[in-house]
Amino acid sequence: MTQETSSDRLEQYTRTLIFEGPAKAHLYASPILPEEKSLFETIDQLWRTMQRVEPDETFKESLHDQLAEEARRRVAKQQLGIERSDKKDDHRSRTPWIASAAVVGAAATLAGAYAYWRWSSRQAA
């Protein structure tokens with residue numbers, strides 16, 4: 001069995017365990033392969049020991065207010081033209097510059113290597 005398949009099984013097992021309980025999870029995972037056994041046992045131990053924690057209402061309200069304020073700021077920046085809403089165009093406009101810098105860097109590296117080779121061959125003579 002491939003690692004990818006095992007990882008998918010572990011993920012599905014964990015989701016089933018969390019949302020539907022241990023009985024459904026064990027039905028899903030049957031049969032557990034010997035190489036997966038310790039991983040499934042670890043998931044079971046974590047599920048039994050860890051407790052779900054709900055954030056308190058003040059935190060939720062504070063987070064909501066912060067997110068709403070940030071959304072208002074972004075909309076205002078976009079309306080003023082300070083920030084563009086389409087980040088794909090921004091990435092495309094930087095790409096030629098990055099490519100040019102890479103070409104210049106590669107050329108400088110080759111020139112430096114050639115100069116070092118010439119210098120070292122003259123020193124040996």
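**Exercise 1.** Work out what share of the residues in this predicted model counts as buried.

*Solution.* Start with the cut-off: a residue is buried if its relative accessible area is under 20%. The protein has 125 residues, and 11% of them pass that test. Now look at the outside: the accessible surface adds up to about 10,800 Å². Carbon and sulfur atoms hold 60% of that surface.

**Exercise 2.** Find out which elements the protein is built from, and in what order.

*Solution.* Count first: there are five helices and zero strands. Then read from the N terminus, and you get α-α-α-α-α. Next, check the contacts with a separation of 6 or more: 47% of them join residues 24 or more positions apart.

**Exercise 3.** Classify the ring pair of Tyr 13 and Phe 40: stacked or edge-to-face?

*Solution.* You'll want two things here, the distance of the centres and the angle of the planes. The structure holds one aromatic pair. For Tyr 13 and Phe 40, the centres are 4.6 Å apart and the planes make an angle of 80°. Planes over 60 degrees apart count as edge-to-face, so that's the label for this pair. Now place the partners: Tyr 13 sits in helix H1 and Phe 40 in helix H3 (residues 37–49), 27 residues apart. Both rings belong to buried residues.

**Exercise 4.** Decide how Ile 18 should be classed: buried, partly exposed or exposed.

*Solution.* Locate Ile 18 first: it's in helix H1 (residues 3–20). Its relative accessibility is 39%, so Ile 18 counts as partly exposed. Finally, see what Ile 18 joins: with Phe 19 and Trp 47, it makes a nonpolar surface patch of about 340 Å².

Definitions and conventions. Residues numbered from 1 in each chain as written. Predicted model: local features only at pLDDT ≥ 70, side-chain atom pairs only at ≥ 80, totals over all residues. Heavy atoms only, no water. Patch = residues over 30% accessible without salt bridge, like charges linked within 9 Å, V, L, I, M, F, W, Y side chains within 5 Å. Areas by Shrake-Rupley, 256 points an atom, 1.4 Å probe, with all protein chains shown as cover. Salt bridge = Lys/Arg side-chain N within 4 Å of Asp/Glu carboxyl O. Helix = DSSP H or I, 4+ residues; strand = E, 2+ residues; numbered from the N terminus. Buried < 20%, exposed > 50% of the residue type's maximum accessible area, 1.4 Å probe, protein only. Contact = heavy atoms within 4.5 Å. Phe/Tyr/Trp six-rings, centres within 6.5 Å; stacked < 30°, edge-to-face > 60°.
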